[in-house]
Amino acid sequence: MKEWLARLASRERRGLLVGAGLLLAVLLYLLAWLPFSREVERLRTTVAEQRTLAAWMEQAAREAQRLRRLRAASSQGRAHRSLLSLSDQTARERGLGGAIKRVEPEGQDKVRIRLEAAAFDDLVRWLEQLQISHGVRILRITVEARETPGLVDARLTLAEGAS
């Protein structure tokens with residue numbers, strides 16, 4: 001190889017060395033710098049996404065704490081009211097008063113309720129209100145459709161405190 005290079009004219013050698021230098025620079029760019037810069041950009045994007053996610057998680061944690069405090073305050077505010085009276089009153093507020101056929105206590109912290117010809121949508125909204133606003137758990141529920149669309153018969157057992 002040295003002999004071949006020595007036989008070349010000085011102008012050819014310079015051109016060959018410049019070409020080799022350019023080829024080396026292009027290879028360094030393609031094999032080292034370009035992948036490195038792409039990885040840096042990918043990491044920047046990932047960091048931005050992670051920061052956005054962390055901010056959302058912090059906001060969600062604050063909201064969860066707020067809801068826990070609200071729930072605790074709601075539970076304390078109704079401590080003097082029995083589950084029996086709470087379930088009866090909230091059912092009537094939701095328009096289920098006429099459907100209530102029986103409300104009876106089952107121990108200290110449970111109540112059994114039987115509804116007939118209750119509007120299904122009202123029943124679901126009432127149960128949601130009991131769970132979210134008052135921390136009431138649904139232990140058992142049986143719902144049977146009636147011939148009239150949208151009306152159901154239901155038997156349920158509710159308990160104080162969420163699990």
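## Salt bridges around Glu106

A salt bridge is a side-chain nitrogen of Lys or Arg within 4 Å of a carboxyl oxygen of Asp or Glu. In this predicted model, Arg140 forms one with Glu106, and their closest N and O atoms are 3.6 Å apart. The pair links distant parts of the chain. Arg140 sits in strand 3 (residues 137–145), while Glu106 lies in the loop between strand 1 and strand 2. The two are 34 residues apart.

Glu106 has a second partner. Arg112 forms a salt bridge with Glu106, with the closest N and O atoms 3.2 Å apart. How accessible are these side chains? Glu106 has a relative accessible area of 22%, so it counts as partly exposed. Arg112 is partly exposed at 37%, and Arg140 is partly exposed at 48%.

## A pair in helix 4, and the wider network

The structure holds 12 salt bridges. One of them joins the side chains of Asp122 and Arg125, at 3.7 Å from N to O. Asp122 and Arg125 are three residues apart in helix 4, so about one helical turn separates them. An α-helix has 3.6 residues a turn, so residues three or four places apart point the same way. Asp122 is partly exposed at 27% relative accessibility. Arg125 is partly exposed too, at 40%.

Elsewhere, salt bridges that share partners build one network. Its members are Arg102, Glu104, Glu106, Arg112 and Arg140.

## The nonpolar core

The largest nonpolar core has 19 residues. Leu115, Leu123, Trp126, Leu156 and Leu158 have the most contacts inside it. Four elements give two or more residues to this core: helix 3 (83–93), strand 2 (110–119), helix 4 (120–134) and strand 4 (151–159). In soluble globular proteins, nonpolar side chains tend to be buried together.

What does Leu123 touch, leaving out residues up to four places away in sequence? Its contacts are Leu96, Leu115, Val143, Val152, Ala154 and Leu156.

## Helix 3 and its buried side

Which residues of helix 3 are buried? They are Leu83, Leu86, Ser87, Thr90 and Ala91. These residues cover an arc of only 120 degrees around the axis, so they fall on the same side of helix 3. Their cover includes strand 1 (100–105), strand 2, helix 4 and strand 4. Just after helix 3, Gly95 takes a positive phi of about 85 degrees.

Ser87 is one of the buried residues of helix 3. Its relative accessible area is 1%. Not counting residues up to four places away in sequence, Ser87 touches Val103, Val111, Ile113, Trp126 and Leu158. Trp126 and Leu158 are also among the residues with the most contacts inside the largest nonpolar core.

## Thr157 in strand 4

Thr157 lies in strand 4. Is Thr157 buried or exposed? Its relative accessible area is 4%; the cut-off for buried is under 20%, so Thr157 is buried.

Leaving aside neighbours within four places in sequence, Thr157 is in contact with Glu106, Val111, Arg112, Arg137, Ile138, Leu139 and Arg140. Among them are Glu106, Arg112 and Arg140, which also belong to the salt-bridge network. Val111 is a contact of Thr157 and of Ser87.

Methods: Residues are numbered from 1 along each chain as its sequence is written. This is a predicted model: local features need pLDDT of at least 70, side-chain atom pairs count only at pLDDT 80 or more; totals for chains, interfaces and linings use all residues. Side-chain values use heavy atoms; hydrogens and water are left out. A nonpolar core is a set of buried Ala, Val, Leu, Ile, Met, Phe, Trp, Tyr and Cys residues joined through side-chain atoms within 4.5 Å. Buried means under 20% relative accessible area, exposed over 50%, partly exposed in between (1.4 Å probe, protein chains only). Contact means heavy atoms within 4.5 Å. The arc is that of the directions from the helix axis to the C-beta atoms.
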